[in-house]
Amino acid sequence: MAEPDLLPVSVSAPWGAPDDPRLGRWLGRQRDLPDARLGGTRVVLVGFPSDEGVRRNGGRPGAATGPAAIREALFAMTPDASNYDAFAALLDRTADLGDVRVTGDVEADQQRLGDVLTPILADGIVPIVLGGGHETAYGHVLGYVGAGLTPEILNFDAHADVRPYPQGAHSGSPFRQAIEAGQCARYRVAGLQPHRTARAHAAFVCEHGGLVWQHELDAARVMGIAAEARAPTLATFDLDAVDAAHAPGVSAPNASGLSASLWLRAAYETARSPHVASFDLVEMNPTYDVDGRTARLAALSVWTFLKGIAERG
């Protein structure tokens, strides 16, 4: 018998009291994809516990345990008290499918993630992929390929992640892979740091879409970036874009990154766009976290993305 592509996960998710329910009440019971599709699901969670691509890229490993840490923090949160009915209604149609089975073979694992996402995207369900290193993003792209779609990619990141990959795919190569394979309609990246971006990589990004430097990014610019999304858009958020004071537990800590509030604004505005068909959150590294600070920010990023989807109506 073939091994399953998705594996169950164990989360000590609190349900909360009847007058204080937590997201674990809705998401703590895992479902399989056929059941989710029959149930009119709008959103699914999928974990991709891989950091072999980070190792290949010379980063510090540990992001493979990111999905578990994000779930623990997310499931303890309450629904949006400012818009409870819409948020709870979305949770009623949100399912956790578990984690993709990874082997350490980056290319094979990326394809397995793509195979899991293909029917989800084909059905118009919004997947939220919990990484894992940023090699997650190319597996995410392969889900669109399998569904016969060519997405735009919108990346909030301190790095362009368009490095060459002569020795194989890695966490710094996903968007060059997608562009060179003709699997990306347009690539935009916001939050780039000039001192962490090669001139050749910036030129490559500009040739295939566009970039916004970190010092150019504010709330108005974030709103404009989200408003420019065209269907279908794959949104990918790398936590190393955030200042290390707010996100110390990442694969590549940022000495002068985005504020947590601007980062969350980006997640919210992106989610509100009806053209955004999927979302991934990557590089959360519990090995280097402090007081669960990064895990909580990662979970709040997912929560905020759900809030934006709930407000689509």
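Okay, one definition before we start: a residue counts as buried when its relative accessible area is under 20%. Keep that in mind, and keep in mind too that what you see here is a predicted model.

Let's try the definition out on Gly114, which is found in helix H6, residues 106-122. Buried or exposed, then, for Gly114? Its relative accessible area is 0%, so Gly114 is buried. And what does Gly114 touch, leaving aside residues up to four places away in sequence? The answer is Gly139, Leu142 and Gly143. For a sense of scale, take Trp15: Gly114 and Trp15 are 99 residues apart in sequence, and their C-alpha atoms are 32 Å apart in space.

Now the sheet. It's an open one with nine strands and mixed pairing, and the order runs E1-E5-E4-E6-E11-E10-E7-E8-E9. At the edges sit strand E1 (6-7) and strand E9 (209-213), each pairing on one side only. Helix H9, residues 199-208, packs on this sheet and touches strand E8 (186-192) and E9. If you compare directions, H9 makes about 130 degrees with E9.

Further in, E10 (residues 233-238) and E11 (residues 276-282) run parallel, joined by six bridges. You can find Ala235 standing opposite Phe279 of E11 there. Next, look at strand E7, residues 152-156. How many of its five residues are buried? Five of the five. Both faces are covered: Glu152, Leu154 and Phe156 are buried on one side, Ile153 and Asn155 on the other. E7 also pairs with E8, in the parallel sense, over five bridges. In that pairing, Leu154 has Arg188 of E8 as its bridge partner.

On to a helix with two distinct sides: H5, residues 84-92. Its buried residues are Phe87, Ala88, Leu90 and Leu91. Looking down the axis of H5, you'd see them fall within an arc of 155 degrees, so they line one face of the helix. Some background on that: an α-helix has 3.6 residues a turn, so residues three or four places apart point the same way. On the other side of H5, Asp85 and Asp92 are exposed. What do the buried residues of H5 pack against? Helix H1 (24-27), strand E4 (43-48), strand E5 (94-100) and helix H12 (293-310).

That brings us to the aromatics. The count comes to six aromatic pairs. In one of them, Phe87 and Trp303, the ring centres are 5.3 Å apart and the planes are at 35 degrees, so we call the pair tilted. Phe87 is in H5 and Trp303 in H12, so to speak of distant parts of the chain is fair: they're 216 residues apart. Both of these residues are buried.

Then there's Phe175 with Tyr187, a stacked pair at 4.7 Å centre to centre, with 20 degrees between the planes. Phe175 lies in helix H8 (residues 174-180) and Tyr187 in strand E8, so this pair ties together parts twelve residues apart in sequence. Phe175 and Tyr187 are buried as well.

There's also an aromatic cluster, made up of Phe156, Phe237, Trp263, Phe279 and Phe305. You've met Phe156 already, on one side of E7, and Phe279 opposite Ala235.

Last stop: charges over rings. Arg60 has its charged end over the ring of Tyr288, 3.8 Å from the centre. Arg176 does likewise with Phe204, at 4.1 Å from the ring centre.

Terms used:
Residues numbered from 1 in each chain as written. Predicted model: local features only at pLDDT ≥ 70, side-chain atom pairs only at ≥ 80, totals over all residues. Heavy atoms only, no water. Pairing = 2+ DSSP bridges. Helix = DSSP H or I, 4+ residues; strand = E, 2+ residues; numbered from the N terminus. Contact = heavy atoms within 4.5 Å. Axes fitted to C-alpha atoms, helices over the stretch in contact; angles between N-to-C directions. Buried < 20%, exposed > 50% of the residue type's maximum accessible area, 1.4 Å probe, protein only. Arc of directions from axis to C-beta. Phe/Tyr/Trp six-rings, centres within 6.5 Å; stacked < 30°, edge-to-face > 60°. Lys NZ or Arg CZ within 6 Å of the ring centre and 35° of its normal.
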